[in-house]
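Here is a short report on a ligand site and on cysteines. Please look over the sequence and the model first.

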Amino acid sequence: MNGMRELLKEWNGLGVVQGYDHETGTWMFIALHDATLGPMVGGCRMKPYPAPEDGARDAMRLAQGMTYKWAAIDFPFGGGKSVLAIPRPLEGEEKRGLLRRFGRLLESLHGGYATGVDLGTTPEDMDVLAEASQYVMGHGLSGSGTADPGPYTALGVYAGIRSSLKAADGSADVAGKSVLIQGAGDVGEPLARMLAEAGAEVLISDIAEPLASRIASELGGRAIPVSETYTTPCDVFAPCAVGAILNRETIPQLACRIVAGSANNQLDGAEDAELLHERGILYAPDYVVNAGGAIAFGMMHLGESNEEAMRERVGEIENTLDRIFPEAGQRGESPVHGARRVAEDALRRGREKAHV
Ligand code: NAD
C-alpha cells in the first residue's frame, strides 16, 4: 500500500499488522502503539474509508489515544486499535464471515492485542468475533453474549461531572445543577437517568428530537432544539454524541461553566483547549472522563465479575480528575496538560520498571 511507509515513518507506535479479506475486499489493520503497561487493548472500528490508508491512519491515531487513556487511568493495558476498512456497508453472513476471518487474525497474536466494540461494531458483532478468538473484551462474562459498555461509560462521566463541580464550586453535589446532554444514546440516556435521580436539572438535545423529548419528559427535564445546544445556559455541557464539536465556531457560543462528556475527540484541535481555558470554561479531558466502559471491560477481561468492584473502579475517575483539576488551577492552564502529564508519568514509571 503506497502511503503506508510514510504513515509508519511519521508514527511513534510499535507497528501495524495488516491483512486483506479477499471475500469482502476489506483491509484489516491492527495498530499496536505501546505495550509498556500491558497487552494492547482497544476497540474494533468498522466503516468504509475513502482509501485503505485512511483506515490505517485512523487505527494508528486511535491506538495512540488508547495508550494515553489506559495510562491516564492507571490501568495495566497498552494502546492498540483495529480498523476494518470495508468497501461498502456489509450485512448478514457477509459481515459475519469477515468478523470470523478477522477473529483468526486476532487469535494469531495470542493476546498481545485484544479488542471490543467501537464505532460501526456492535455487541452482537463481538459475539461473532468471539467464535474465532478468545481476545474479545466483555464477551461471555455476563453469561449471555457481550455486555454493553454504555452504562459504565455513563457512570464514569457522572464521576467526572462530580469532580468538575467540586473544582468549580467546592461541592460535588449535582442536585440543583443543570446539565445539558448532547446525544441521548447508549451513554447519554443512562447518564440522564443518573443525573435526574440525583436531583440535577436535565436538558437533552439529540438530532433524533422525538427521542430527546421522550427521555426529557420521562425524567422531568427539558428537550433542547439542536440549534440551541451550544447557546442554552447550563452549569455543565456533556457532549455524548460526536467528536470535534468544541471548535472555534462553537466555543464562543457556549453558555456553560464546565464541559464533561463521553464523546471521543471532543476538541477539534489542540488550540481549542486553550480557547475553552481563556473563556474560563473548565474542560474535563475526554479520554479520562469517558474511560468507564474501557475500565469495566478491562476488568472483565482480567477475570473480574463483581459488579460492585467494577463500579467502584469506574468511580475512581473522580479521584483522577480531583488530582488534575486543582493542579491545572494552580498552574493557570487547561486540564488537558495535567491529564497528559499523568499519562506520561505512568508510562515513564512503566518503562523504568521494565528497564526499557
Ligand atoms: P450512540 O450512537 O448510542 O448515541 C449517540 C446519540 O447522539 C444518538 O442518539 C444520535 O442520534 C445522537 N447524535 C448524533 N449526532 C448528534 C448531534 N450532532 N447532535 C445531537 N445529537 C446527536 O453513541 P454512544 O455509544 O452513546 O456514544 C456517544 C459518544 O461517546 C460517541 O462519541 C462515542 O465514541 C463516545 N464513547 C462511547 C462509549 C460507550 O461506552 N458507548 C465509550 C467511550 C466513548
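A polar contact is a pair of N or O atoms within 3.5 Å; within protein, one atom must be able to donate a hydrogen and the other to accept it, and residues adjacent in sequence count only if both atoms are side-chain atoms. This is a predicted model, where local features need pLDDT of at least 70, side-chain atom pairs count only at pLDDT 80 or more, and totals for chains, interfaces and linings use all residues. Residues are numbered from 1 along each chain as its sequence is written, and side-chain values use heavy atoms, with hydrogens and water left out.

**Ligand site**

Three polar contacts to ligand oxygen atoms are listed here.

| Residue | Protein atom | Distance to a ligand oxygen |
|---|---|---|
| Asp206 | polar side-chain atom | 2.7 Å |
| Ala241 | polar backbone atom | 3.0 Å |
| Asn264 | side-chain N or O atom | 3.0 Å |

Taken alone, the ligand exposes 830 Å². The protein buries 72% of that (Shrake-Rupley method, 1.4 Å probe). Around the ligand are 19 residues, each with a heavy atom within 4 Å of it. Thr153, Asp186, Val187, Asp206 and Ser262 come nearest. By class, the shell has eight nonpolar, nine polar and two charged residues. Asp, Glu, Lys and Arg count as charged; Ala, Val, Leu, Ile, Met, Phe, Trp, Tyr, Cys and Pro as nonpolar; the others, Gly among them, as polar.

**Cysteines**

The whole structure has zero disulfides (cysteine sulfur pairs within 2.5 Å). Cys256 is in none; its nearest cysteine sulfur, that of Cys234, is 5.1 Å away. Cys256 is buried, at 8% relative accessible area (buried means under 20%, with a 1.4 Å probe and protein chains only). Cys44 is also buried, at 0%.

Key. Buried means under 20% relative accessible area, exposed over 50%, partly exposed in between (1.4 Å probe, protein chains only).
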